[in-house]
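Me: Hi! Could you walk me through this fold when you have a minute?
Reply: Happy to, let's bring it up.

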Amino acid sequence: MLRKKERGQLIVLSGPSGVGKSTVIAELLGRRKDIYFSVSYTTRQPRTGEQDGVNYNFVTREEFRRMIDRNELLEYAEYVEHFYGTSLKAIQDRLEAGIDVLLDIEVQGAAKVKARCPEALFIFIIPPSYEELSRRLHRRNTDSEEVIAGRLEKARVEFREVPQYDYLVINDHVSSAVGEIEAILTAAACRVENRRQLLAQFA
Ligand code: ADP
Ligand code: 5GP
């Protein structure tokens, strides 16, 4: 008999701002209802259309500082003048219940997760070109020219971290990017260490 997973798979997705992470994640979560998306805490202002508790938990710098002091964050980082962090408890409870957890975090945070949870899957998502990244940031129409320039500059630094990741996904078309991520998740689920319980009956 197939037993439920003992522990959920932690999945880390990173990529430069504007590459399409939120878009790809929305499509992935639509296809895979069994994945829990970790809603991060941030000190940045909500963009038009973003909802508190859905896209992010929007908090003040003081609230964020308190979470750090109380060791409530698995990881956190400062990104273009704002803080972003992952709640430890929210993801720990799910993983222990056998539920897969997806984090959308930048490269410094991903490095911290790798140090604490080396068994996590690390996926980096890139645009088809740098010019397309710039076009997407402009087309999204949510950030000032100055913020966009900062994010494009940051992207150059982030691309250097790609070798630390396990998988590279290209977001040319959303559906194929999501298809690649699903393929990665399927391969990970088939790993021997994730299927040990299936072997018990043959011992
Ligand atoms: P991120 O979460 O990585 O910052 P978003 O998901 O907000 O990026 O996407 C940035 C912009 O690019 C949005 O306007 C989105 O509609 C658009 N976008 C996302 N994926 C694609 C794609 N494959 N092709 C064209 N535009 C895309
Ligand atoms: P944005 O402001 O565009 O939503 O996000 C900016 C960057 O912060 C993105 O690269 C996103 O992946 C990252 N990010 C979002 N949540 C977290 C988090 O909890 N921790 C870390 N380290 N980065 C995050």
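**Chat about the fold**

Reply: Let's start at a backbone detail: asparagine 71 comes after helix 2 and has a positive phi, near 60°. Keep in mind that this is a predicted model.

Me: Okay, and which residues of helix 2 are buried?
Reply: In helix 2, residues 61–69, the buried ones are Phe64, Met67 and Ile68. Looking down the axis of helix 2, the buried residues fall within an arc of 100°, so they line one face of the helix.

Me: What covers them?
Reply: The cover over the buried residues of helix 2 includes strand 3 (40–42), strand 5 (73–79) and strand 6 (82–87).

Me: And which exposed residues sit on the face turned away?
Reply: Glu62 and Asp69 are the exposed residues carried by the face of helix 2 turned away from its buried side.

Me: Back to phi for a second. Where does valine 80 lie?
Reply: Valine 80 is in the loop between strand 5 and strand 6. Its phi is positive, about 45°, although valine 80 is not a glycine. Most residues other than glycine have a negative phi.

Me: How would you class valine 80 by accessible area?
Reply: Partly exposed: valine 80 has a relative accessible area of 26%. Asparagine 141 also has a positive phi, about 60°, and is not a glycine. Asparagine 141 is exposed, with a relative accessible area of 67%, and lies in the loop between helix 5 and helix 6.

Me: Speaking of those two, at what angle do helix 5 and helix 6 pack?
Reply: Helix 5 (residues 130–140) and helix 6 (residues 145–159) pack at about 145°, and their axes are 11 Å apart. The crossing of helix 5 past helix 6 is right-handed.

Me: Which residues make the contact?
Reply: From helix 5 there are Tyr130, Leu133, Ser134, Leu137, His138 and Arg140. Helix 6 brings Glu145, Ile148, Arg151, Leu152, Glu153, Ala155, Arg156 and Phe159. By class, the contact of helix 5 with helix 6 has 7 nonpolar, 2 polar and 5 charged residues.

Me: New topic, the sheet. What order do its 5 strands have?
Reply: The order is 2-7-1-8-9, in an open sheet with parallel pairing. Strand 2 and strand 9 (167–170) are at the edges with a single partner strand each, so one side of each is left without a neighbour in the sheet. The twist averages 25° from one strand to the next.

Me: Do tell me about the helices on it: what does helix 1 lie across?
Reply: Helix 1 (residues 21–31) lies across strand 1, strand 2, strand 7 and strand 8 (121–126), and runs at about 165° to strand 7. Helix 3 (residues 88–96) packs on the sheet too, touching strand 1, strand 2 and strand 7, with its direction at about 150° to that of strand 7.

Me: Strand 7 keeps coming up. How many of its residues are buried?
Reply: 5 of the 5 residues of strand 7 (residues 100–104) are buried, so strand 7 is largely enclosed by the rest of the structure. Asp100, Leu102 and Asp104 are buried on one side, and Val101 and Leu103 on the other. In a regular strand the side chains alternate between the two faces of the sheet.

Me: And what stands opposite leucine 102?
Reply: Isoleucine 11 stands opposite leucine 102, and so does phenylalanine 37. Strand 1 (residues 10–14) runs parallel to strand 7, joined by 4 bridges, while strand 2 (residues 35–37) pairs with strand 7 in the parallel sense over 3 bridges.

Notes
Residues are numbered from 1 along each chain as its sequence is written. Chains are lettered from A and ligands numbered from 1 in the order in which they are written. This is a predicted model: local features need pLDDT of at least 70, side-chain atom pairs count only at pLDDT 80 or more; totals for chains, interfaces and linings use all residues. Side-chain values use heavy atoms; hydrogens and water are left out. Axes are lines fitted to C-alpha atoms, for helices over the stretch in contact, and angles run from 0 to 180 degrees between N-to-C directions. A crossing is left-handed if the near helix is turned anticlockwise from the far one by less than a right angle, and right-handed if clockwise. Contact means heavy atoms within 4.5 Å. Ala, Val, Leu, Ile, Met, Phe, Trp, Tyr, Cys and Pro count as nonpolar, Asp, Glu, Lys and Arg as charged, and the others, Gly among them, as polar. Buried means under 20% relative accessible area, exposed over 50%, partly exposed in between (1.4 Å probe, protein chains only). Two strands pair if DSSP finds at least two bridges between them. The arc is that of the directions from the helix axis to the C-beta atoms.
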